[in-house]
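Here is a guided tour for someone meeting a protein model in their first year. Have the picture open as you read, and take it one part at a time.

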Amino acid sequence: MTARTQASSYNFAYLDEQTKRMIRRAILKAIAIPGYQVPFASREMPMPYGWGTGGVQVTAAILGPDDVLKVIDQGADDTTNAVSIRKFFERVADVETTTRTVDATIIQTRHRIPETPLREGQVLVYQVPIPEPLRFLEPRETETRKMHALEEYGLMHVKLYEDIARNGHIATTYAYPVKVEGRYVMDPSPTPKFDNPKMHMSEALQLFGAGREKRIYALPPHTEVVSLDFEDHPFEVQRFDKPCALCGGGQVYLDEVVLDDRGGRMFVCSDTDHCESRRAEGLRGELLGEVAQ
Amino acid sequence: MYVSVKGGEAAIDNAHRLLADRRRGDRSVPALTLDQIAEQLVLGVDRVMSEGSLYDRRLAALAIKQARGDLIEAIFLVRAYRTTLPRFGFAEPVDTGAMLVERRISACYKDLPGGQLLGPTFDYTHRLLDEALDGDPEVEPGETREGATEPVSRIADILGGEGLIEEEISGNDEPDDINQTPLEFPLSRAMRLQSLARGDEGFLLALGYSTQRGYARSHPFAGEIRIGEVEVEVFMPELGFAVPVGRVQLTECQMVNQFKGSAKVPPQFTRGYGLVFGQSERKAMAMALCDRALRAGELGEDIVAPAQDQEFVISHCDNVQATGFVEHLKLPHHVDFQAELGLVRTMRTQFEQAESAMENKEAAE
């Protein structure tokens with residue numbers, strides 16, 4: 001028993017090979033039917049449900065000894081949960097890890113897609129809390145599965161329309177629903193809608209794992225991913241008034257940092273690797289003294 | 001000057017060190033041994049085994065110690081361990097009729113074959129704090145009965161003999177396994193019972209209670225509760241017969257519920273069933289009430305209450321899932337919050353613009 005609890009006696013990447021095979025089968029099915037949620041016999045993991053167990057299982061199932069793993073949460077490599085998951089794989093799989101998007105073969109993420117466009121051969125693994133985009137419109141799984149089967153997505157459009165009628169806007173800012181290859185409506189996981197366009201025709205394979213809800217879904221490379229909208233209210237992403245205060249980068253998603261209790265704010269890149277790479281190239285934002293190019 | 005939020009790694013390491021320190025507490029107080037936990041906090045150990053779905057007293061005791069007495073955390077530790085164990089097969093159905101009974105009561109009969117055996121129960125204690133337990137007072141050994149006794153027949157067999165209770169026919173097929181199959185609703189009763197067996201005691205207790213207060217009333221009688229050890233047997237294809245692999249302590253509850261009949265079947269009582277590891281009567285009874293309530297569809301009853309709704313009950317009864325998702329709200333969500341901030345600000349600007357436009361218009365008029 002004592003020997004068993006030591007990391008060395010666990011199988012490579014924690015899960016036993018039988019479980020990995022089961023997960024890989026679900027992944028293959030998911031790739032074959034883009035946007036379709038494939039049920040799988042999700043396992044308990046040594047981290048809590050809701051903290052990335054789905055993503056961790058997908059990563060564990062596809063990880064090989066030669067992979068280079070990057071883990072981000074909120075776009076950053078140094079957020080606590082990203083640190084914890086990265087350490088987990090260092091311990092149970094002994095793989096090389098990196099914070100550099102370009103060097104990674106597998107990137108596990110929570111809530112963001114890296115700013116640097118992904119390339120062929122990379123895999124982006126999303127941690128998904130609620131895989132069902134219709135869940136908040138219809139709580140019953142039996143109903144929502146039927147709605148997907150019949151391609152009955154009217155309810156979603158009604159919801160978006162009601163947003164516009166009430167607020168003048170579609171009031172969904174993250175987990176903004178998308179339609180995949182003109183067939184399945186899919187939840188992009190709670191990434192800000194800013195990241196939705198990055199999913200479209202991505203060169204990388206995108207895998208989504210929901211541990212507690214026991215679902216896996218996927219977007220193979222070069223898949224059409226369209227955010228739902230209306231002709232007179234086209235889909236729009238968030239825009240920021242200022243560039244990043246550290247690297248001067250624009251067209252990126254920014255975190256708002258509260259500087260003091262007198263309303264002082266600054267905005268910095270949510271993607272820490274993107275920000276650091278730019279600064280390494282000598283680019284500077286206003287806070288670091290130089291004006292961005 | 002803003003310093004980028006670095007140091008997550010050091011912060012985690014330090015938090016773990018502090019946790020280990022707090023877990024140990026005052027070093028002048030002797031450390032708990034696993035034997036002490038397994039022997040003297042046995043009902044906590046039973047709960048961890050039962051909801052952790054792993055029959056191992058030592059590991060359950062270890063989990064309780066590591067979790068600083070937080071039983072849900074301990075259950076989680078045990079589950080995360082059991083999930084790594086290989087599955088080598090499934091046991092034959094255990095025969096609770098052949099149980100070595102330590103406690104057995106029925107509320108349906110004054111006396112019945114095998115008798116009413118109170119066993120080690122809190123039931124008739126007066127809940128007065130016993131200051132003597134601050135020390136280690138001498139405790140007399142319990143009275144036990146030696147030798148062969150009459151068989152302790154199960155209530156279902158007693159009522160079943162007269163055809164007064166519905167018969168349950170067991171299949172010989174490999175049972176469904178919630179560890180192997182993703183949940184797909186509607187679930188078979190076997191899948192529901194497996195989920196309930198590892199379901200949170202508090203959640204099932206509240207749901208069972210709700211059925212007693214009119215939310216899916218089922219007129220239950222505690223037909224029988226029995227606690228004791230049974231032999232677990234596994235069929236060995238190489239040998240051609242089943243061999244015992246060990247003994248487990250179980251609590252079984254047979255609820256006898258309001259009768260049902262139809263044009264074809266004469267009226268008979270229906271059943272709700274609870275079975276859990278260790279001594280855990282509250283959980284077994286709550287489970288039996290929930291099982292009965294969840295059979296509403298099969299028994300042609302209207303589904304009107306939460307306890308009858310299998311998607312509601314089964315999807316939310318697992319405390320490892322529930323605690324994980326509730327507590328994940330502690331993780332950073334600032335990226336999504338930023339998106340919401342942006343929208344609220346835009347909407348406020350538009351609101352102010354509309355208001356000032358209105359004021360200007362009024363002023364002009």
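The report below goes from chain A to the contact between the chains, and then to chain B.

Please keep in mind that this is a predicted model.

**Chain A as a whole**

Start with the overall make-up: chain A has eight helices and 12 strands. Its radius of gyration is 20 Å, close to the 19 Å that the globule rule gives for 293 residues, so chain A is as compact as a globular protein of that length. Along the principal axes, the C-alpha atoms of chain A fill a box of roughly 55 × 45 × 40 Å. Of the 293 residues in chain A, 49% are buried. Take the contacts in chain A with a separation of 6 or more: 62% of them are between residues 24 or more positions apart.

**A three-stranded sheet in chain A**

Now look for an open sheet of three strands in chain A, with the order 7-6-10 and antiparallel pairing. Strand 7 (184-186) and strand 10 (225-227) of chain A are its edge strands, and each of them pairs on one side only. On average, neighbouring strands of this sheet are turned by 35° against each other, direction ignored. Strands of a sheet pair through backbone hydrogen bonds, either parallel or antiparallel.

How many bridges join strand 6 (residues 178-180) of chain A to strand 7 of chain A? There are three bridges between these two antiparallel strands. In this pair, A:Val180 stands opposite A:Tyr184 in strand 7 of chain A.

**A residue in a loop**

Next, find A:Glu151, in the loop between helix 5 (141-149) and helix 6 (154-167) of chain A. Is A:Glu151 buried or exposed? A:Glu151 counts as exposed because it has 12 C-beta neighbours inside 10 Å, and a residue is exposed if it has 12 or fewer. Measuring from C-alpha to C-alpha, A:Glu151 and A:Arg183 are 7.2 Å apart in space, although 32 residues apart in sequence.

**Where the chains touch**

The contact takes 47 residues from chain A and 40 residues from chain B. On the side of chain A that touches chain B, helix 4 (80-92), helix 5 and strand 11 (254-258) of chain A each supply at least two residues. The largest share, four residues, comes from helix 4 of chain A. By kind, the residues on this side of chain A divide into 19 nonpolar, 15 polar and 13 charged.

**Strands of chain B**

Two antiparallel strand pairs of chain B can be set side by side.

| Strand pair | Bridges | Opposite residues |
|---|---|---|
| Strand 1 (residues 100-105) and strand 2 (residues 221-236) of chain B | five bridges | B:Arg103 and B:Ile227 |
| Strand 2 and strand 3 (residues 241-260) of chain B | 15 bridges | B:Arg226 and B:Glu252 |

Strand 2 and strand 3 of chain B form a hairpin with four residues between the strands, where B:Gly240 takes a positive phi near 85°.

**Domains of chain B**

Chain B is divided into domain 1 (11-82) and domain 2 (96-120 + 148-322). Taken over C-alpha atoms, the centres of these two domains of chain B are separated by 29 Å. Where they touch, 12 residues of domain 1 of chain B are in contact with 12 residues of domain 2 of chain B. Helix 3 (42-52) and helix 5 (71-82) of chain B each supply at least two residues of the domain 1 side, and helix 3 of chain B gives the most, with six residues. That side of domain 1 of chain B divides into six nonpolar, two polar and four charged residues.

Key: Residues are numbered from 1 along each chain as its sequence is written. Chains are lettered from A and ligands numbered from 1 in the order in which they are written. This is a predicted model: local features need pLDDT of at least 70, side-chain atom pairs count only at pLDDT 80 or more; totals for chains, interfaces and linings use all residues. Two strands pair if DSSP finds at least two bridges between them. Axes are lines fitted to C-alpha atoms, for helices over the stretch in contact, and angles run from 0 to 180 degrees between N-to-C directions. The radius of gyration is taken over C-alpha atoms; the globule rule is 2.2 Å times the number of residues to the power 0.38. A residue is buried if 20 or more other C-beta atoms lie within 10 Å of its own, exposed if 12 or fewer, and partly exposed in between; C-beta atoms are placed from the backbone. Two residues are in contact if their C-beta atoms, placed from the backbone, lie within 7 Å. Ala, Val, Leu, Ile, Met, Phe, Trp, Tyr, Cys and Pro count as nonpolar, Asp, Glu, Lys and Arg as charged, and the others, Gly among them, as polar. Domain bounds come from an automatic or database domain assignment.
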